[in-house]
Structure formats: C-alpha cells, structure tokens
Amino acid sequence: MLDFFTIFSKGGLVLWCFQGVRGPAATAPVNALIRSVLLQERGGNNSFTHEALTLKYKLDNQFELVFVVGFQKILTLTYVDKLIDDVHKEFRDKYRNEFQQKGTLGLLNGTFDFKDDFMRLLRDAEESSKVRAPTVMKTFEQSLKSQKTVKCMIETRGEKPKEKVKNKKNKGSKKEGIEAVATPGKASAGDKQPSAAGEKEELTKDEILQKNREEFFKRHMKAGEKSRSPKPEAQKEKGKKPRVWDLGNSNAKVLDYSNSATNGSAEACPVEEFDPDIALGDRNREPGRLYDLEYESDDEAEEEKVIQNPSKPSTKKGGLGGMFGMLKGLVGSKSLTREDMDPVLEKMKDHLIAKNVAAEIAVQLCESVAKKLEGKVMGTFTTVTSTVKQALQEALVQILQPQRRVDVLRDVMDAQRHRRPYVVTFCGVNGVGKSTNLAKISFWLIENGFSVLIAACDTFRAGAVEQLRTHTRRLNALHPPESHGGRTMVQLYEKGYGKDAAGIAMEAISYARNQGFDVVLVDTAGRMQDNAPLMTALAKLIAVNAPDLVLFVGEALVGNEAVDQLVKFNKALADHSMAQTPRLIDGIVLTKFDTIDDKVGAAISMTYITSKPIVFVGTGQTYCDLRSLNAKAVVAALMKA
C-alpha cells in the first residue's frame with residue numbers, strides 16, 4: 001500500500017497529492033528528498049530512504065515537474081516503477097496544453113483533478129503485478145539428467161568421474177590434451193575387438209593409460225633437458241652488506257636523540273634554532289587569515305585564440321559549406337534525449353575518472369546530469385556538449401558547497417562564552433599527514449588569538465610524541481609567551497607510549513578546562529579502515545570524550561580508496577558506538593593538495609559520499625600552507641582538458 005503520491009513543480013508548488021494512509025503528511029520526507037537529493041545534484045539513483053519510508057521519484061525536465069511516491073521500506077512493491085511511469089505519462093498528456101499555453105500562470109491558477117485517473121492507474125499496476133505466469137517445473141525430458149545414459153553414471157574403480165575432470169580444466173590441461181590425442185586410435189582398435197568379460201576391458205584401458213603417461217613423461221623430460229643450457233652457476237654471497245651513505249655518520253652516539261631529559265613538558269625542552277622564513281613561507285600574508293584555493297584557468301585564453309578570426313574557415317570551404325559546418329552539432333529548439341547525451345556523458349565519465357574521481361561516483365554524477373537534462377528543451381544555438389558540460393559543472397559546484405558550513409572560529413568563541421575548551425579530534429589512515437596538518441591548524445588558531453593544547457593520543461607509532469613536541473617548540477618560538485602577555489599559546493599534553501588513548505584525551509580536556517586553554521586538538525594513531533580493534537578504540541575515544549568536531553584527514557592522491565575509507569570509517573564509528581545516535585565524521589581535511597596538479601577528483605569523491613564539508617586543505621610543508629576550499633577553483637581544475 002502506498003503512503004502518498006505527490007506531483008509538484010521544481011519551484012515548490014504542489015499540483016496534486018494523494019494520501020494513502022492516515023498519519024503525518026508527506027511534507028517531511030519530500031522536503032528531505034529535495035534538500036538531500038535534488039538540491040545536492042544526487043539524482044543518479046531514483047530511490048531515497050527517509051526514516052521508515054522509501055521514496056521513488058521521476059523528473060520531467062520539459063515542464064519542470066517532479067513525481068514522488070512514498071511507501072514503507074519494509075514492503076516490496078514491484079509495481080511502483082510502472083505506476084510512476086504511467087502517472088507521469090498520463091498527467092503530461094492530460095495537462096500538456098495548459099502547461100504550454102499558460103506556463104507558470106497555468107500552474108498557479110489551474111485545477112488538477114487527477115484522482116480518478118490515478119486510482120485507475122493504481123489498480124492497473126497492482127493487477128499487472130499479480131497476474132504473472134506461474135513458474136512451471138521442468139519435465140524429466142527437459143532436464144540435464146535425462147540426457148545422461150546409465151553407462152556414464154556408473155563409476156568404475158580407478159577412474160575419475162567426468163564431471164570432476166571437467167571442473168579441473170585449468171590443472172593439467174596440457175596433460176589431458178596429449179592423452180586425448182593418443183587415446184582415440186587405440187580406443188577405436190579396442191572397440192573393433194569385442195571383449196567377452198568386463199574385467200578384461202578394464203585392464204586394457206588401464207594399460208593404455210599407463211603407456212600414455214609413460215610416453216608423456218619421457219617427452220617432457222627430453223624437452224626439459226634440451227631447454228636447459230649449461231650456464232655456470234654464480235655463487236651468491238650470503239648475507240647483506242650495509243649501505244654506507246656519503247653524508248652519513250658511522251657514529252651511532254651522534255645520531256642518538258633519545259635523551260630522557262627532553263621527555264616531559266614543553267618548558268623542559270631545549271629551544272630549537274631554525275629559520276622562521278622556512279617555517280612560515282610567505283611573509284606578506286595577513287596573519288590569521290585562511291586564504292582560498294586559487295586556480296588559474298587557461299580556458300578563457302584558449303577561447304580567445306579560437307574566436308580571434310572566425311571568418312577564415314568559411315572562406316576556404318565556401319559559403320554554404322562553412323555555414324553548415326558552423327551549425328553542425330547545434331540543437332534547434334528540440335528536447336534532449338538520452339541518445340543525444342550518451343556519447344558526451346561517456347566522455348565526461350572517462351574524463352572524471354582520469355581526474356581521480358572514484359569510478360562509481362563518476363557514473364552516478366553522469367546519471368544525475370542525464371536525468372536532469374532529459375526532455376529539456378534547448379535553445380537554438382546550443383550544442384549538446386556545452387549543455388551537458390555546463391550542467392555537470394553546476395552539479396559539481398553544488399556538491400562541493402556544504403549543507404552545513406563549519407565555522408571553527410565562531411564555534412571556538414561560543415565555547416569560550418560557556419567557559420569550556422573546544423575539542424577537535426583528528427582521525428584517518430596511516431601516513432596522510434594528521435600530525436603535520438594539526439600543527440598547521442594550531443598555528444592558524446594561535447594567530448587568531450586562541451591558546452591550544454595538543455593531546456598526544458597516538459601512543460602506538462614510534463616518534464609520534466617527539467614529532468608533536470618538535471612542532472610545539474617551533475610554534476612557541478614563533479609565538480613566544482612574551483608576545484602574548486606571558487601566556488603560553490601552545491602546549492603538549494602527553495603520557496608516553498602504550499597508554500589508553502581515550503583516557504589521555506579525557507585527561508587532556510580536563511587539564512585544558514582547568515588551565516584555561518581555548519582549544520584542544522586530539523591527535524590519534526593512523527589506522528586502516530578494515531582494522532576492527534583499532535576502529536573500536538577510535539569509536540570509544542569519540543564516544544567517551546564527545547568532541548565538538550571530528551575531522552577525517554584524507555590525502556588528495558587517492559581515487560576509489562577515498563570512498564572505501566570514508567564509508568568504512570563512518571560505519572565503524574556507528575557500529576562500535578554505544579550511543580543511540582552515534583557520532584560520525586563532521587568534516588574533512590584534504591592534505592597533499594600541492595602534489596596532484598589538476599587531478600582534484602578526491603575532493604568530489606569525499607564530499608559526495610559523506611555530504612560533509614572540506615574544512616581545511618593542506619597545500620605545502622610550511623605552517624602557512626593551509627587553505628579553505630574554493631568550489632569554483634576545484635571545478636575549474638576538474639573540467640580542464
């Protein structure tokens with residue numbers, strides 16, 4: 001049974017609605033569909049789940065209409081697809097003239113009496129799903145067993161069943177082939193001589209098989225001896241020689257930095273001497289400002305070169321030939337069909353995959369664009385390629401623009417008013433740059449006047465605490481307490497290795513609350529998404545400490561792996577959390593963006609699969625190499641040929 005069926009325009013005007021069951025109106029699920037699918041350009045799949053309901057929808061791009069049907073997701077209604085197609089066709093045909101002649105005024109002033117037609121179509125769809133040809137069982141003559149003889153089903157001792165031999169074609173295929181060639185001649189000779197008893201016939205077959213095996217092994221051994229060439233065996237030296245580096249130092253004491261005196265608080269660590277220009281990069285930047293990503297597109301320059309002298313080609317080909325060549329590929333006031341768009345969409349899909357977009361997401365994006373444009377009436381001088389490309393660009397920009405903007409500075413100030421620290425947890429797989437980008441975010445927060453406590457909760461990786469201690473020393477050197485009224489702007493909270501990460505994070509948050517720190521940045525150990533024990537420990541850390549922001553750190557180099565990482569991280573956090581509403585990933589930090597040139601597809605993959613914003617983008621090795629995402633710049637790089 002259907003819960004509801006509604007028809008509305010893309011402008012939000014409800015034209016007709018059917019309520020199948022008593023209960024809450026269809027407003028909430030339809031609004032969720034509009035917000036999460038239609039506005040976010042995620043129309044690749046025509047099904048959407050909202051709480052206990054499954055919604056299926058169909059777009060009419062010619063008249064800008066949306067048809068939505070909703071039913072309980074526990075039901076399996078096979079006639080829904082047929083019903084929505086029939087209703088779409090019937091509604092269009094019945095009110096076509098009203099839509100074409102009156103336009104928007106026809107939608108506002110029109111009365112759409114469609115209940116009788118809908119009930120008729122619903123009955124037809126239900127009956128068509130019930131009236132199905134019953135499945136007829138095969139007779140014995142139609143089965144494979146009837147084709148077998150009694151002789152082939154009798155297994156004799158010493159022989160393998162034929163079915164098992166067929167299943168093992170890969171193993172010993174050469175051996176079986178040679179035996180099959182040698183056997184027929186002897187077998188036919190044996191058939192000519194009738195045997196009196198069955199035992200004698202079995203012995204004859206065994207002898208034939210034995211002779212064939214012996215001949216095969218003899219030929220195989222001779223071929224092996226011929227193929228071998230008498231090469232002198234080089235005596236390999238056992239063991240490995242250590243490599244000696246030209247700039248290395250053979251004295252191990254010089255390379256030993258594990259001094260126990262440096263283990264402890266930041267004040268006990270010696271001040272490290274380094275060049276501030278190397279750590280800061282651009283000295284002309286505005287302190288505390290998070291710049292947008294920049295991308296210089298060459299499309300405009302290329303278009304200018306092409307349009308500089310458009311009359312030259314036509315003079316060579318002649319008047320009519322040049323005119324027809326110029327109009328080739330233009331769509332003149334006609335509706336776009338799927339056949340028109342398929343070649344262009346196939347090229348676009350390959351282009352997106354080449355730009356590092358996950359293959360599955362590239363297919364869904366092209367499918368969404370096709371559904372958005374199918375049936376839409378184009379202008380006179382508009383090519384199919386330019387139309388599809390423009391629609392794809394708009395869809396990509398819409399995907400990169402988050403549903404909920406994460407404003408870290410505003411949230412930190414709000415936490416200050418409540419006299420508590422703002423807690424950010426970083427998680428991700430191994431080697432993506434969690435600690436490095438944590439230090440960059442620390443520097444950005446310090447330049448905006450907030451004090452930071454770094455919690456070293458990576459108690460597994462060797463050197464993780466020392467890496468954070470080095471960043472703490474450098475940040476304190478760049479922003480000494482003297483420049484902030486004697487206030488220490490950044491401090492490291494660590495308890496060494498092999499400890500419980502959730503307990504260290506809890507102690508760090510309590511310490512920050514007592515000492516008046518504004519922000520706590522929790523660094524966690526890198527872990528693969530399919531490592532269940534480590535994912536359980538991460539879910540425990542997040543559930544126990546309830547951070548304000550959970551950031552997934554992913555590198556821009558990945559393609560299909562980005563989807564797998566984010567899906568499994570979110571799934572693990574949901575599965576291993578004891579809370580009724582588990583805490584999932586809130587945002588993304590995209591690292592190593594300076595290493596990919598224009599292959600920026602990972603940004604699309606990550607935001608599409610999670611609907612979460614990219615909060616920070618890491619673009620280099622200095623503390624200032626931190627950017628905010630510019631959706632138009634990323635799309636320009638993505639669409640570059």
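This passage walks through the fold, the strand pairing, the cysteines and the empty spaces of one predicted protein model.

The model is predicted, so local features are reported only where pLDDT is at least 70 and side-chain atom pairs only at pLDDT 80 or more, whereas totals for chains, interfaces and linings use all residues. Residues are numbered from 1 along each chain as its sequence is written, and side-chain values use heavy atoms, with hydrogens and water left out.

The protein has 23 helices and 16 strands; these are DSSP runs numbered from the N terminus, with helices being H or I of at least four residues and strands being E of at least two. Buried residues account for 38% of the 641 residues, where buried means under 20% relative accessible area, exposed over 50% and partly exposed in between, with a 1.4 Å probe and protein chains only. Taking contact as heavy atoms within 4.5 Å, 75% of the contacts between residues at least 6 apart in sequence join residues at least 24 apart.

A good place to begin is strand β5 (residues 65–72), where 7 of the 8 residues are buried. Strands count as paired if DSSP finds at least two bridges between them. Strand β1 (residues 2–9) runs antiparallel to β5 and is joined to it by 7 bridges, with Leu2 having Phe71 as its bridge partner. Strand β4 (residues 53–60) is also antiparallel to β5, through 8 bridges, and here Asp60 is partnered by Leu65. The hairpin of β4 and β5 has 4 residues between the strands, and Glu64 takes a positive phi near 60° in this hairpin.

Further along the chain, 9 strands form an open sheet with mixed pairing, in the order β6-β16-β15-β14-β13-β9-β12-β10-β11. Strands β6 (291–292) and β11 (490–493) stand at its edges with a single partner strand each, so one side of each is left without a neighbour in the sheet. For β6, 2 bridges in the parallel sense are made with β16 (residues 626–628), and Tyr291 has Arg627 as its bridge partner. Within the sheet, β13 (549–555) has 7 of its 7 residues buried. Leu549, Leu551, Val553 and Glu555 point one way from β13, while Val550, Phe552 and Gly554 point the other way, and all are buried. Strand β9 (residues 422–427) runs parallel to β13 and is joined to it by 4 bridges, with Phe426 opposite Leu551. Strand β14 pairs with β13 in the parallel sense over 5 bridges, and Phe552 stands opposite Ile588.

Helices also pack on this sheet. Helix α18 (residues 464–478) lies across β10 (452–457), β11 and β12 (519–524), and runs at about 165° to β11. Helix α22 (residues 601–610) touches β13, β14 (587–591) and β15 (614–618), and its direction makes about 165° with that of β14. These angles, on a scale from 0 to 180 degrees, are taken between N-to-C directions of axes fitted to C-alpha atoms, for helices over the stretch in contact. In the loop between β11 and α19 (501–515) sits Glu494, which counts as buried at 17% relative accessibility. The C-alpha atom of Glu494 is separated by 8.4 Å from that of Ile454, 40 residues apart along the chain.

The cysteines can be covered briefly. With a disulfide taken as a pair of cysteine sulfur atoms within 2.5 Å, the count comes to 0 disulfides. Cys366 is buried at a relative accessible area of 7%, and Cys457 is buried at 3%.

Empty space was searched on a 1 Å grid over the protein atoms alone: a cavity is a set of points where a 1.4 Å probe fits but cannot get out, a pocket is an open set with protein on both sides within 12 Å along at least five of seven lines, and lining residues have an atom within 4 Å of a point. Grid points are joined across faces, edges and corners, and a volume is the space filled by probe spheres set on the points. The second largest pocket has a volume of about 590 Å³. Of its 30 lining residues, Phe8, Lys10, Ile34, Leu38 and Val66 are the closest to its centre. Two or more lining residues come from each of β1, β2 (14–19), α1 (27–38) and α14 (359–373), and α1 gives the most, with 6 residues. The whole structure holds 1 cavity of 30 Å³ or more. The largest cavity has a volume of about 40 Å³, and its lining includes Gln40, Arg42, Ile399, Thr607 and Pro613.
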